[in-house]
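Here is a walk through a structure you may not have met before. Have a look at the sequence and the picture, and then we'll take things one piece at a time.

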Amino acid sequence: MILHSSTTVTGHIQGDDDLQIDGRVNGILTLKKNLNVSKGAIVQAHIQAQNVVVSGVIVGDISAHKKIELTPYARVIGNLQAPQVVISEGAQFKGKVDMGNLEDNQEALPVSPKMSVTPNPSLAGIEDMLSTESTRMTQSPGNQLPPISTAFKTIIHGVKRRLL
Amino acid sequence: MMKQGCKIARGTAVRGNVTGPGNLVLDGQVVGTIALGGDLHIAKRGTLLGNSQGNEMQIDGVVEGNAVAHNSITLGRHARVQGKLKAKSVILNPGAQFSGEIEMDVILPEELLETLNDKEDSNA
Amino acid sequence: MPKTIIGKSFIIDGEVSSSDPLVIEGTVKGMIQSDDSVMVDSGAIVEAEISSPEVEVSGRLIGNVLATSKVELKDSSHVVGNLKAPSILIADGASFKGNVDMDA
């Protein structure tokens with residue numbers, strides 16, 4: 001599924017398929033597969049997915065089952081948790097990184113306690129992130145919402161489609 | 001003019017502080033701090049337990065400690081690093097193992113700056 | 001065997017222990033130990049105990065030297081400390097103050 005660049009979604013997105021975000025998302029993303037945040041996208045959310053590739057802006061914690069990759073255009077503030085994290089030259093990042101236990105070596109490095117980043121299913125923590133504009137927005141009759149594939153269950157507080 | 005370099009070979013261990021205006025290649029071990037005007041290269045079998053400071057850093061070995069670079073810090077595929085990394089650019093190559101914190105300047109779009117300022121005010 | 005070279009403008013404050021040959025061109029304060037050899041270059045400043053099979057000094061050294069094989073003080077050396085080794089060579093021009101013990 002692709003969230004187009006003119007779309008803003010506020011709320012909790014859960015899905016079994018790959019998701020590409022070209023627009024804006026505020027809230028929580030819980031995905032069984034892969035997330036791709038495109039270059040112009042702005043995401044303020046806690047994210048959980050299989051693989052996450054970031055080329056846009058993310059403010060929030062990211063937890064991936066396999067890999068998080070920040071491409072040269074990525075701008076991320078938040079904590080990253082995944083067995084593999086790749087940060088390319090050009091990416092901008094600020095936050096913690098947890099790849100799990102470091103391999104034992106001769107020097108016996110003490111291992112920092114695993115940081116568990118589990119997104120809180122309740123939306124209480126991110127209420128302040130939701131823009132008041134979005135919550136006011138209701139579906140008007142003539143409004144053509146993008147079809148939501150059956151693989152995605154979206155609990156949406158408001159979907160705003162900005163006309164360019 | 002080439003800056004004078006320093007090389008700590010595989011069989012050498014230093015317990016203490018190392019300071020110098022030039023570059024350093026660490027193939028051995030340092031328990032202590034490294035402060036350089038030049039570049040730091042921690043080779044694949046090199047180990048640093050302690051903080052470091054330099055111009056550019058290439059880490060291919062083991063580091064436990066904080067690292068501050070004037071320009072960039074790059075972790076190669078054999079790197080095993082734990083600590084806080086601060087630089088203009090921090091690069092984690094595939095295979096690099098890292099646990100800790102990274103701080104780079106992050107330029108956010110204007111529309112987010114307001115949101116973040118509100119968050120910080122409410123957290124304060 | 002690869003050498004460890006402490007460069008000319010470098011300062012080590014602490015202990016250096018090694019199985020490699022050590023070449024000191026900079027400053028070391030503390031202790032130096034090598035299983036191979038230690039060379040204190042002409043521009044080097046060392047305030048440390050040195051312990052190694054072979055020790056060659058061309059620079060400034062304040063500290064005792066314990067060598068299992070030989071100690072050589074070159075003509076440009078300035079040494080204050082005791083030397084203990086089965087073979088000791090102090091070149092003409094070397095500046096030395098300390099005890100010499102060849103009864104290893």
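What follows is a short tour, from a single chain to a contact between chains, then to a core, and finally to one residue.

First, a word on what you're looking at: this is a predicted model. As a whole, the model scores ipTM 0.92 and pTM 0.81. Chain C comes with an average pLDDT of 96, and 99% of its residues score at least 70.

Let's stay with chain C for a moment. If you go hunting for helices there, you'll come back with zero, but you'll find 13 strands. Reading from the N terminus, then, chain C goes β-β-β-β-β-β-β-β-β-β-β-β-β. How does the radius of gyration of chain C fit with a compact globule? Chain C has 104 residues, so a compact globule would come out near 13 Å, and the 12 Å of chain C agrees with that. If you'd rather think in terms of a box, the C-alpha trace of chain C spans about 30 × 25 × 20 Å along its principal axes. Of the 104 residues in chain C, 40% are buried. And if you take the contacts in chain C between residues at least 6 apart in sequence, 2% of them join residues at least 24 apart.

Now for chain B. Its secondary structure comes to one helix and 15 strands. Chain B has 124 residues, and buried residues make up 48% of them. Among its contacts between residues at least 6 apart in sequence, 2% join residues at least 24 apart.

So where do these two chains meet? The contact takes 21 residues from chain C and 21 residues from chain B. On the chain C side, strand 1 (4–6) and strand 2 (11–18) each supply at least two residues. Strand 2 of chain C gives the most to that side, with eight residues. As for their character, the chain C residues that touch chain B divide into seven nonpolar, nine polar and five charged.

Zoom in on strand 2 of chain C and you'll see what it does there: it pairs with strand 2 (residues 12–20) of chain B, in the antiparallel sense, over eight bridges. To get your bearings in that pairing, look for Val14(B), which stands opposite Val16(C).

Next, the nonpolar core. In general, nonpolar side chains in soluble globular proteins tend to be buried together. Here the largest nonpolar core has 95 residues, and Leu29(A), Val43(A), Val85(A) and Val90(B) touch the most other members. Strand 6 (residues 42–54) of chain A brings the largest share of this core, seven residues. Pick Val85(A) and see what surrounds it: leaving aside residues up to four places away in sequence, Val85(A) touches Ile68(A), Leu80(A), Val97(A), Met99(A), Leu92(B) and Phe98(B).

Last stop: Ala44(C), back in chain C. You'll find Ala44(C) in the loop between strand 5 (37–40) and strand 6 (45–57). Is Ala44(C) buried or exposed? Ala44(C) counts as buried, because it has 22 C-beta neighbours inside 10 Å, and 20 or more are enough for that label. Not counting residues up to four places away in sequence, Ala44(C) touches Ile24(C), Glu25(C), Gly26(C), Gly59(C) and Arg60(C). Take Glu25(C) from that list: it sits 19 residues from Ala44(C) along the chain, while their C-alpha atoms are separated by 4.6 Å.

Key. Residues numbered from 1 in each chain as written. Chains lettered and ligands numbered in written order. Predicted model: local features only at pLDDT ≥ 70, side-chain atom pairs only at ≥ 80, totals over all residues. Helix = DSSP H or I, 4+ residues; strand = E, 2+ residues; numbered from the N terminus. Rg over C-alpha atoms; globule rule 2.2 N^0.38 Å. Buried ≥ 20, exposed ≤ 12 C-beta atoms within 10 Å, placed from the backbone. Contact = placed C-beta atoms within 7 Å. pLDDT = per-residue confidence, 0-100. Nonpolar A, V, L, I, M, F, W, Y, C, P; charged D, E, K, R; others polar. Pairing = 2+ DSSP bridges. Core = buried A, V, L, I, M, F, W, Y, C linked by C-beta atoms within 7 Å.
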